[in-house]
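Got the viewer open? Here's a short tour, stop by stop, with something to select at each one.

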Amino acid sequence: MRELRASNAVGHQLQDGVKLLARGAKSWNIPVHIEVSQASAIARQAIEAAGGSVTTVYYNALGLRALTQPEWFAKKGRLLPRPARPPPRLEAKFERKGALPPLRDLAAGLEQAATA
């Protein structure tokens, strides 16, 4: 999801993550491996038919912030939060819980932010 946000494929406000919809599914022919919060059945079928894969990943609000803005935590001297589990009633909707960027990626991001 961080890459989708960085490439301006989705807006700046990721309140509940990214939902993949089926707009343009009939003409989709590029294999892509994507991680999103939700995906419609038709969009999932179109991507899998093209040879790609769709993984649904759970992030809570703090996890999304850590994923999209890890430098915010480093500037404040805070550790990245642990990945949260989805609530029991939502567990069946997600294939895995969200993993946050490793600390080495965070250090690289801080160096880029300092030079910019």
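Leaving aside its neighbours within four places in sequence, which residues is A43 in contact with? Select A43 and look around it: the contacts are L20, L21 and A22. Keep in mind throughout that this is a predicted model.

**Stop 1: the whole chain**

Zoom out and switch to cartoon. You should be able to trace 5 helices and 5 strands. Starting at the N terminus, the elements follow the order α-β-β-β-α-β-α-α-β-α. Now colour by burial: of the 116 residues in the chain, 29% are buried. Turn on a surface and you're looking at about 8100 Å² of exposed area, with carbon and sulfur atoms supplying 52% of it. If you like contact maps, consider contacts with a separation of 6 or more: 43% of those in the chain are between residues 24 or more positions apart.

**Stop 2: the sheet**

Next, select β2 (residues 33-36), β4 (residues 53-58) and β5 (residues 96-97). Together they form an open sheet of 3 strands in the order β2-β4-β5, and the pairing is parallel. The edge strands are β2 and β5, each of which pairs on one side only.

Step across the sheet one pairing at a time. Between β2 and β4 there are 4 bridges. Pick I34 and you'll find its bridge partner in β4, V54; pick V36 and the partner in β4 is T56. On to the β4 and β5 pairing, which has 2 bridges. Here, select Y58, whose bridge partner in β5 is K97.

Stay on β4 for a moment. Is this strand largely enclosed or open to the outside? Of its 6 residues, 5 are buried, so the rest of the structure largely encloses it.

**Stop 3: the nonpolar core**

Show side chains for L14, V18, L20, I34, V36, A43, I47 and V54. These 8 residues make up the largest nonpolar core. Two elements, β2 and α2 (41-49), each give two or more residues to this core. You've met some of the members already: I34 and V54 are bridge partners, and A43 is in contact with L20. As a rule, nonpolar side chains in soluble globular proteins tend to be buried together.

**Stop 4: the charged side chains around R44**

Move one residue along to R44 and show its side chain. How many salt bridges are there to find? The count comes to 2.

Take E48 to begin with. Its side chain meets that of R44 in a salt bridge, at 4.0 Å from N to O. Both residues sit in helix α2, 4 residues apart, or about one turn of the helix. E48 is partly exposed, with a relative accessible area of 42%.

Now add E95 to the selection. The side chains of E95 and R44 also meet in a salt bridge, this one at 3.1 Å, N to O. E95 lies in the loop between α4 (70-75) and β5, whereas R44 is in helix α2, so the pair ties together parts that are 51 residues apart in sequence. With a relative accessibility of 47%, E95 counts as partly exposed. Keep R44, E48 and E95 on screen together: salt bridges that share partners join them into one network.

Methods:
Residues numbered from 1 in each chain as written. Predicted model: local features only at pLDDT ≥ 70, side-chain atom pairs only at ≥ 80, totals over all residues. Heavy atoms only, no water. Buried < 20%, exposed > 50% of the residue type's maximum accessible area, 1.4 Å probe, protein only. Pairing = 2+ DSSP bridges. Contact = heavy atoms within 4.5 Å. Areas by Shrake-Rupley, 256 points an atom, 1.4 Å probe, with all protein chains shown as cover. Core = buried A, V, L, I, M, F, W, Y, C linked by side-chain atoms within 4.5 Å.
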